[in-house]
Amino acid sequence: MSRPSSWSIARHRPEGPLTGYKIAYPMISADSRRGGFNGVALGRSQVYGAVADAVCIQSPRHRCPSSWCDCGFYCFHARDDARDLACDPQYQHCVLLEIAASGRFVRYELGLRYARQTIRSVQLGRCGCGRAATALADGGPGIVGWRRLHPVCGLCAGPRPVLTPEAFGVLLGHVPVQAEDTTEDGLAPLAGVGGEVDEATLVPLLSAEVALLQARLDQVQSRLEQLTHRSD
Ligand SMILES: [Zn+2]
Ligand SMILES: [Zn+2]
């Protein structure tokens, strides 16, 4: 996987919340009273709610996001980048979140790494069959205290109990949860499902979120070089 060379990094203190987009696995607490989300890359052992502060699992001694660590929440600036990543088969059962990022943050070309997150809205995306998902059903592996939910259409849900988008929104503390608008392409086949996979399309999708982490490595590398020169 090639590393993007044009990534610029600058640390900022925000003037106000910044809008971002990301994908995550929807979760429900074991007692079915709370909703939350599980990240797709870092922090897979944690579930966050509608408002959350990033926690570093490497060290409790620094504040997130630390320059010397990969901790913090991640998001893309552009909704399309997050939605592209959701096409990756391993993220098939994710939903799309629109968030407001606040607190300390690091800006990258494609997104942010940041301290505090408020979820503004949730979009369910598609069922595994390609239809627009209209509800959430139990599915996939959970973590201690939390079960994972899958976005499903009415046909695939069958007789299983489901949570409506509205009910899930209430469990999140009254966050808007919507089905994807697929009026234009509701029956279009998903890329990579039952057909040829377009490598030229897929590779950038696979690398998008990983590229955020690669940018961190670039930053550490340049710091190391600075330190090396300073000691010459
Ligand atoms: Zn950290
Ligand atoms: Zn379905």
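Residues are termed buried at under 20% relative accessible area, exposed at over 50%, and partly exposed in between (1.4 Å probe, protein chains only). The structure is a predicted model, in which local features need pLDDT of at least 70, side-chain atom pairs count only at pLDDT 80 or more, and totals for chains, interfaces and linings use all residues. Residues are numbered from 1 along each chain as its sequence is written, chains are lettered from A and ligands numbered from 1 in the order in which they are written, and side-chain values use heavy atoms, with hydrogens and water left out.

Two zinc sites are described first. Donors are N, O and S atoms within 2.8 Å of the metal (3.2 Å for Na, K and Ca); water is not among the atoms, so sites may look incomplete. Four donors count as tetrahedral if all angles lie between 85 and 135 degrees; four count as square planar and six as octahedral if opposite donors are over 155 degrees apart and all others between 65 and 115, and anything else is irregular.

The zinc ion (ligand 1) is bound through Cys56 (SG), His62 (NE2), Cys69 (SG) and Cys71 (SG), at 2.0 to 2.3 Å. The spacing of these donor residues in sequence is C-x5-H-x6-C-x1-C. The arrangement around the zinc ion (ligand 1) is tetrahedral because its four donor atoms subtend angles of 98 to 118°. Of these donors, His62 is partly exposed, at a relative accessible area of 28%, whereas Cys69 is buried, at 8%.

The zinc ion (ligand 2) has Cys127 (SG), Cys129 (SG), Cys153 (SG) and Cys156 (SG) as protein donors, 2.3 Å from the ion. Here the sequence spacing is C-x1-C-x23-C-x2-C. Angles of 105 to 116° between the four donor atoms make the arrangement around the zinc ion (ligand 2) tetrahedral. For tetrahedral donors the ideal angle is 109.5 degrees. Cys153 is buried, with a relative accessible area of 3%, and Cys156 is partly exposed, with 35%.

The strand pairing around E2 was examined next. Helices (H or I, at least four residues) and strands (E, at least two) are DSSP runs, numbered from the N terminus, and two strands pair if DSSP finds at least two bridges between them. Strand E2 (18-29) is largely enclosed by the rest of the structure, because 10 of its 12 residues are buried. E2 runs antiparallel to strand E7 (residues 95-107), to which seven bridges join it; in this pair Tyr21 has Glu98 as its bridge partner. E2 also pairs in the antiparallel sense with E3, over four bridges, and with strand E10 (residues 146-152), over three. Ile28 stands opposite Gly35 in E3 and opposite Arg147 in E10.

Five residues lie between E2 and E3, which form a hairpin. In its turn, Ser32 has a positive phi of about 65°, although Ser32 is not a glycine. Ser32 is partly exposed, at 36% relative accessible area. A positive phi, of about 70°, also occurs at His174, which is not a glycine. His174 lies in the loop between helix H3 (165-171) and strand E12 (177-178) and counts as exposed, at 66% relative accessibility. A cis peptide bond, with omega about -10°, joins Cys64 and Pro65; Pro65 is placed in the loop between strand E5 (51-53) and strand E6 (73-76).

The nonpolar cores complete the description. A nonpolar core is a set of buried Ala, Val, Leu, Ile, Met, Phe, Trp, Tyr and Cys residues joined through side-chain atoms within 4.5 Å. The largest such core has 32 residues, of which Phe37, Tyr48, Leu97, Tyr114, Ile119, Val122 and Phe168 touch the most other members. Two or more residues of this core come from each of E2, E6, E7, strand E8 (111-123) and H3, and E7 gives the largest share, five residues. Neighbours within four places in sequence aside, Leu97 is in contact (heavy atoms within 4.5 Å) with Gly20, Tyr21, Lys22, Ala24, Phe37, Tyr48, Ile119, Ser121 and Val122. A second, separate core of 12 residues includes Tyr21, Leu85, Leu96 and Trp146. Tyr21 is 8.5 Å from Asp80 in space, C-alpha to C-alpha, and 59 residues from Asp80 in sequence. Asp80 lies in helix H1 (residues 79-86) and is partly exposed, with a relative accessible area of 48%.
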